Amino acid sequence: MQQHPESHGSRLGQSSVGKLERFNPKRTRMDTLLNNAIIATDNALRTLFAKPRASRACPTLPSEPTELDAEQKANAGALMRVNHVGEVCAQALYAAQALSTRDPVLRQQFSDASREEGDHLAWTHERLVELGARPSLLNPLWYAGAFGLGLLAGRLGDRLSLGFVMETERQVETHLASHLEQLPAGDHASRAIVAQMKDDEARHAKDAAKAGAQELPLPVKALMRASAKVMTTTARYI
Ligand SMILES: [Fe+2]
Ligand SMILES: [Fe+2]
């Protein structure tokens with residue numbers, strides 16, 4: 001059986017290392033908070049400022065070579081900037097939710113999904129560079145907002161936290177489907193990335209459902225869609 005992280009202190013308390021290392025719940029809580037703050041800061045800095053590295057090449061390959069004129073490149077660049085912002089937010093959401101849950105199995109599920117989102121982050125970043133476009137200047141803001149939302153969802157308990165993941169992934173899947181319609185027909189490179197991401201996000205939603213996600217109330221879903229609309233519209237330009 002897996003050891004609960006918070007039971008670490010009680011093992012110390014039963015050992016013979018002496019009074020100074022006796023289990024101290026306040027100190028253990030402080031250590032956990034500090035540890036979580038370090039993990040969160042590290043994740044934010046790597047997402048926002050380090051060059052993202054994919055753990056795998058995009059499995060979906062472009063069906064043909066891509067040749068675009070300047071206008072098509074600019075259009076594709078704006079759309080891929082939006083998708084890159086989405087992946088920045090995914091890093092923040094999964095990091096916050098992995099930190100929030102006390103269930104080690106669920107934490108592992110969030111971490112595994114986060115690794116795939118890391119691939120998406122790297123693919124979209126690489127494609128932005130190829131298109132001569134830049135990431136959103138507001139990425140720190142998007143990251144902070146998504147991290148806060150992830151913490152909030154995590155505070156509501158695992159089933160609602162999973163419900164938030166499931167709904168987010170479903171909305172992202174729908175959004176990516178719309179981008180497959182909007183991307184220039186000849187941008188096979190971007191299309192391959194978006195198609196693969198769409199498949200991965202659909203699987204993330206199914207995994208959350210299997211893990212016991214609770215369906216969110218309709219007004220919450222509508223609010224999430226409205227917030228996403230603000231983000232996707234702004235990120236096209238800034
Ligand atoms: Fe993703
Ligand atoms: Fe996802």
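Two residues are in contact if their C-beta atoms, placed from the backbone, lie within 7 Å. The exercises below use a predicted model, in which local features need pLDDT of at least 70 and side-chain atom pairs count only at pLDDT 80 or more, while totals for chains, interfaces and linings use all residues. Residues are numbered from 1 along each chain as its sequence is written, and chains are lettered from A and ligands numbered from 1 in the order in which they are written.

**Exercise 1.** Describe the contacts and the secondary structure of the protein.

Solution. Begin with the contacts that have a separation of 6 or more: 83% of them join residues 24 or more positions apart. Next, count the elements, where helices (H or I, at least four residues) and strands (E, at least two) are DSSP runs numbered from the N terminus; the protein has eight helices and zero strands.

**Exercise 2.** Decide how α3 is oriented against α4 and against α8.

Solution. Axes are lines fitted to C-alpha atoms, for helices over the stretch in contact, and angles run from 0 to 180 degrees between N-to-C directions. Angles under 35 degrees count as roughly parallel, over 145 as roughly antiparallel, 65 to 115 as roughly perpendicular and the rest as oblique. For α3 and α4, the axes lie 9 Å apart at an angle of about 160°, and these two helices are therefore roughly antiparallel. For α3 (residues 70-100) and α8 (residues 218-235), the axes come within 8 Å and cross at roughly 135°, so this pair is oblique. The contact of α3 with α8 is made by Arg 81, Val 82 and Val 85 on the α3 side, and by Met 231, Thr 232 and Ala 235 on the α8 side.

**Exercise 3.** Find which element gives the most residues to the largest nonpolar core.

Solution. A nonpolar core is a set of buried Ala, Val, Leu, Ile, Met, Phe, Trp, Tyr and Cys residues joined through C-beta atoms within 7 Å, and a residue is buried if 20 or more other C-beta atoms lie within 10 Å of its own. The largest such core has 34 residues, and Cys 89 and Ala 92 have the most contacts inside it. Two or more residues come from each of α3, α4 (104-130), α5 (139-155), α6 (158-182) and α7 (188-210), and the most come from α3, which gives 15. To look at one residue, leave out those up to four places away in sequence: Ala 92 then touches Tyr 143, Ala 146, Phe 147 and Gly 150.

Key. Buried ≥ 20, exposed ≤ 12 C-beta atoms within 10 Å, placed from the backbone.
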